[in-house]
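Biologist: I am new to this structure and would like a close look at a single part, the beginning of the chain, with whatever it is tied to. Please go slowly, and set that part beside other contacts where this helps.

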Amino acid sequence: MSNKTFYMTDIEKIEVGEAPMPVVGADDVMIKVQSVGVCGSDLHYYRSGSIGDFKVEFPFILGHEAAGVVCEVGENVKTLKPGDRVCMEPGVPCMKCEECLSGHYNLCKDVRFWATPPYDGVLSEYITHPAAFTFKIPDNMSFTEGALVEPLAIGLHACNQGGVKLGQTVVIMGAGCIGLVSLLAAKAYGATQVVVGDVIDKRLEKAAELGAIPVNTKNEDIVAKVMELTNGHGADVCIDCAGFSSTVDNCLSAAKPAGTVIIVGLGEDRVNGFNTSIMSTKELTVKSIFRYRNLYPTAINAIADGRINVGAIVSHRFKFDDTINAFATCHRDIRNVVKGVIEY
Ligand SMILES: NC(=O)c1ccc[n+]([C@@H]2O[C@H](COP(=O)([O-])OP(=O)(O)OC[C@H]3O[C@@H](n4cnc5c(N)ncnc54)[C@H](O)[C@@H]3O)[C@@H](O)[C@H]2O)c1
Ligand SMILES: [Zn+2]
Ligand SMILES: [Zn+2]
């Protein structure tokens, strides 16, 4: 059997090739992939070959947001069978360390995460994965919605960490995929006003379509806007999904006294201007998140029962055979591509 695979072979270069058929371990399932989301981190590796200390060695397979159909199961697997439609949690932690055993498995240092060097991603026809990190999706959910469970879990984790509740005002800086899924999560948790800031009109239009109050921070003061919307009080929760000094600063300034700021963005390694005076005088709670934990079932149920329309963030769909163009387009056309997905 052939296993067509797309390999990143250099900066901004992807080539088609054949991978060996993966071997199904006793606790694993083999999946025929059906949809893969193009993530900001994939694009970061594509354009620069590294993220922080993670450096790509070529050839390298991108892609970690995936869904497909089970085609074979290992001898110990009782929960899944061939033909099941599934999506996969891309990080497999060691389940032995203190973080894993205390329930914070997303913080495991030995996690094997797809498309994070040295571990390859999933832009292949067939892949294997532990059954424990493979989740059934119902028939009314598309494979692309299944693939987007991955980013949605980040938005849910950000809102959980921020304690977003019914009736609240939430600010989200950045309307990329992560800002948009945080918006969807905040709305699902009952936030009444969600103010989203970005500098790209197309992304702000998408945020508005999904129920946000959009603010182009190039020509409007988002903090003033939040104060106007909250009678000068400030937002309950501010979530930074951009990672810049100015966006973190906006979050600290827009938060209400005793409010919460959640750091999701990883744009700049060192954010300057962390205003300790504002943090102190408002007694803010500042938290960060790393990926997610135990949220796939929640995300799947929320999509399946129609509470979260995650498919609405998709702006561009490409065929699997067109993967090379998919990356070139998502990389080049940042003003127009909100979220790209590769459908097999
Ligand atoms: N903590 C985690 O677990 C985690 C997981 C995934 C992604 N991330 C990080 O979250 C961030 C968002 O991810 P993404 O995939 O949506 O990236 P993205 O690049 O698509 O989105 C970032 C958005 O921020 C906007 N932006 C830039 N400057 C701005 C400004 N001054 N004001 C308002 N908006 C501004 C950009 O226009 C862009 O739309 C990235 O930094 C990424 O590395 C973190
Ligand atoms: Zn992703
Ligand atoms: Zn561990």
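Modeller: A residue is called buried when its relative accessible area is under 20%, exposed when that value is over 50%, and partly exposed in between. The model is a predicted one, and with that in mind we can begin at Lys4, which has a relative accessibility of 26% and therefore counts as partly exposed. The side chain of Lys4 meets that of Asp321 in a salt bridge, with 2.7 Å from N to O. Because Lys4 belongs to strand 1, residues 4-10, while Asp321 sits in the loop between strand 18 (316-319) and helix 11 (323-332), this contact ties together parts that lie 317 residues apart in sequence. Asp321, for its part, counts as exposed, because its relative accessibility is 57%.

Strand 1 also has a partner close by in sequence, since strand 2, residues 13-18, runs antiparallel to strand 1 and is joined to it by 6 bridges. One of these pairings links Asp10 to Lys13 of strand 2. The two strands form a hairpin with 2 residues between them, and in the turn Glu12 has a positive phi of about 55 degrees.

To set the Lys4 contact in context, a search of the whole structure finds 8 salt bridges. Among them is the pair Arg317 and Glu343, whose side chains meet at 2.7 Å, N to O. Here Arg317 lies in strand 18 and Glu343 in strand 19 (residues 340-343), so this pair ties together parts that are 26 residues apart in sequence. Another salt bridge joins the side chains of Arg307 and Asp305 at 3.0 Å, N to O; of these two residues, Arg307 counts as exposed at 64% relative accessibility, whereas Asp305, at 48%, counts as partly exposed.

A metal site offers another kind of link. The zinc ion (ligand 3) is coordinated by the SG atoms of Cys94, Cys97, Cys100 and Cys108, at 2.3 to 2.4 Å. The 4 donor atoms subtend angles of 103 to 118 degrees around the zinc ion, which makes their arrangement tetrahedral, and the donor residues follow the spacing C-x2-C-x2-C-x7-C in sequence. Within this set, Cys97 lies in the loop between strand 8 (91-92) and helix 2 (98-101) and Cys108 in the loop between helix 2 and strand 9 (112-113), 11 residues apart. Cys108 has a relative accessible area of 4% and so is buried, whereas Lys4, where we began, is partly exposed.

Note on methods:
Residues numbered from 1 in each chain as written. Chains lettered and ligands numbered in written order. Predicted model: local features only at pLDDT ≥ 70, side-chain atom pairs only at ≥ 80, totals over all residues. Heavy atoms only, no water. Salt bridge = Lys/Arg side-chain N within 4 Å of Asp/Glu carboxyl O. Helix = DSSP H or I, 4+ residues; strand = E, 2+ residues; numbered from the N terminus. Buried < 20%, exposed > 50% of the residue type's maximum accessible area, 1.4 Å probe, protein only. Pairing = 2+ DSSP bridges. Donors = N, O, S within 2.8 Å, 3.2 Å for Na, K, Ca; no water. Tetrahedral: all angles 85-135°; square planar, octahedral: opposite > 155°, others 65-115°.
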